[in-house]
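Okay, thanks everyone, let's get going. I'll put the structure up and then walk you through it.

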Amino acid sequence: MKFLAINGSYRENGLNTKMLNLVKNEFLKEGHEFKSLLLKNFNIKRCEACLLKDLKECTPQRCFSLGDDFENIANMMKEADGLIFATPVHWYAPSALMWNLIERMTSLENTRNKIIQGKPVAVISAAAEDGSQSAITNIIVPLIHMGLFILPFGMTYYSGKEEDKETDEYLKRIVRNMIFFASQNSIKKHSWW
Ligand SMILES: Cc1cc2nc3c(=O)[nH]c(=O)nc-3n(C[C@H](O)[C@H](O)[C@H](O)COP(=O)(O)O)c2cc1C
């Protein structure tokens, strides 16, 4: 199976990347593919709030026509059997890069299509000290509303420390549970809306 992480960090080698490297090793050990995208390397324009003009205008096709990397990322999300969102804490919230992507994902949600619906997802985060729980919650709520399936124990975070063995165990649990969930074919066929 194929798994995809989306990293909202502003650095190549920060704590989110460190966590995702562990996650990658776990997926590869189990014989699965894993790709991690560093959002800062992609051009994702701001949401144009088409739905405020006319709800029917907020569609993936319209969003893809902005001519940036969003279509590419949406296609990678569609192909993935499970997703991990990783964000730094910026003022007790997800990074602006991550939030920009969530806003653009409105077009995937608005049409209730199958691009992301029913996919297992986990949300992880890194902070210097404090705020991971609020940043993670901020992401989890829209993802539930967009039809994704938050894994049991599907959240964990680093809080400034370079070593955090308990978080590492959580990351391994996330990989194990995501592989289990993603292998349930009847879940994939179900129409959640
Ligand atoms: C604009 C900005 C705001 C931040 N706000 C917080 C915060 O509210 N709480 C906190 O503990 N760390 C805060 N940090 C620190 C980052 O969360 C921390 O360095 C984290 O490790 C960054 O993720 P990364 O290591 O994956 O790059 C902030 C950093 C920046 C640049």
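Before anything else, one cut-off: I call a residue exposed if 12 or fewer other C-beta atoms lie within 10 Å of its own, and buried if 20 or more do. Keep in mind too that this is a predicted model.

So let me use that cut-off right away. Phe-153 has 12 C-beta neighbours inside 10 Å, so it counts as exposed. Phe-153 sits in strand 6, and its phi is positive, near 60 degrees, in a residue that isn't a glycine. Most residues other than glycine have a negative phi. There's another one like that: Trp-91 isn't a glycine either, and its phi is positive at about 55 degrees. You'll find Trp-91 in the loop between strand 3 and strand 4. Trp-91 has 10 C-beta neighbours inside 10 Å, so this residue counts as exposed as well.

Okay, stepping back to the whole protein. We've got 9 helices and 6 strands. The radius of gyration is 16 Å, close to the 16 Å the globule rule gives for 193 residues, so the protein is as compact as a globular protein of that length. The C-alpha trace spans about 50 × 40 × 25 Å along the principal axes, and 38% of the 193 residues count as buried. If you take contacts between residues at least 6 apart in sequence, 78% of them join residues at least 24 apart.

Now, the ligand. Which residues come nearest to it? Of the 17 around the ligand, those are Ser-9, Gly-14, Asn-16, Pro-88 and Ala-127. Helix 1, strand 3 and strand 5 are the elements that each give two or more residues to that shell. Strand 3 has the largest share, with 3 residues. By type, the shell splits into 9 nonpolar, 5 polar and 3 charged residues.

Let's stay with helix 1 for a minute. Its 15 residues should span 21 Å at 1.5 Å a residue, and the end C-alpha atoms are 21 Å apart, so that agrees. Which of its residues are buried? Leu-15, Asn-16, Met-19, Leu-20, Val-23, Glu-26 and Phe-27. They cover an arc of only 130 degrees around the axis, so they're on the same side of helix 1. Over on the other side, Leu-28 and Lys-29 are exposed. The cover over the buried residues of helix 1 includes strands 1, 2, 3, 5 and 6, plus helix 8. After helix 1 comes Gly-31, with a positive phi near 85 degrees.

Last stop, helix 7, residues 132-145. That's 14 residues, reaching 20 Å from the first C-alpha to the last, close to the 20 Å expected at 1.5 Å a residue. Buried here are Ser-132, Ala-135, Ile-136, Ile-139 and Leu-143. Why do I say they share a side? Because they cover an arc of only 95 degrees around the axis, which puts them on the same side of helix 7. On the other side, Val-141, Ile-144 and His-145 are exposed. The buried residues of helix 7 pack against strands 3, 4, 5 and 6, along with helix 5. And just after helix 7, Gly-147 takes a positive phi of about 95 degrees.

That's my tour; happy to rotate the view for anyone.

Notes: Residues numbered from 1 in each chain as written. Predicted model: local features only at pLDDT ≥ 70, side-chain atom pairs only at ≥ 80, totals over all residues. Near = placed C-beta within 6 Å. Helix = DSSP H or I, 4+ residues; strand = E, 2+ residues; numbered from the N terminus. Nonpolar A, V, L, I, M, F, W, Y, C, P; charged D, E, K, R; others polar. Expected span 1.5 Å × (residues − 1). Arc of directions from axis to C-beta. Contact = placed C-beta atoms within 7 Å. Rg over C-alpha atoms; globule rule 2.2 N^0.38 Å.
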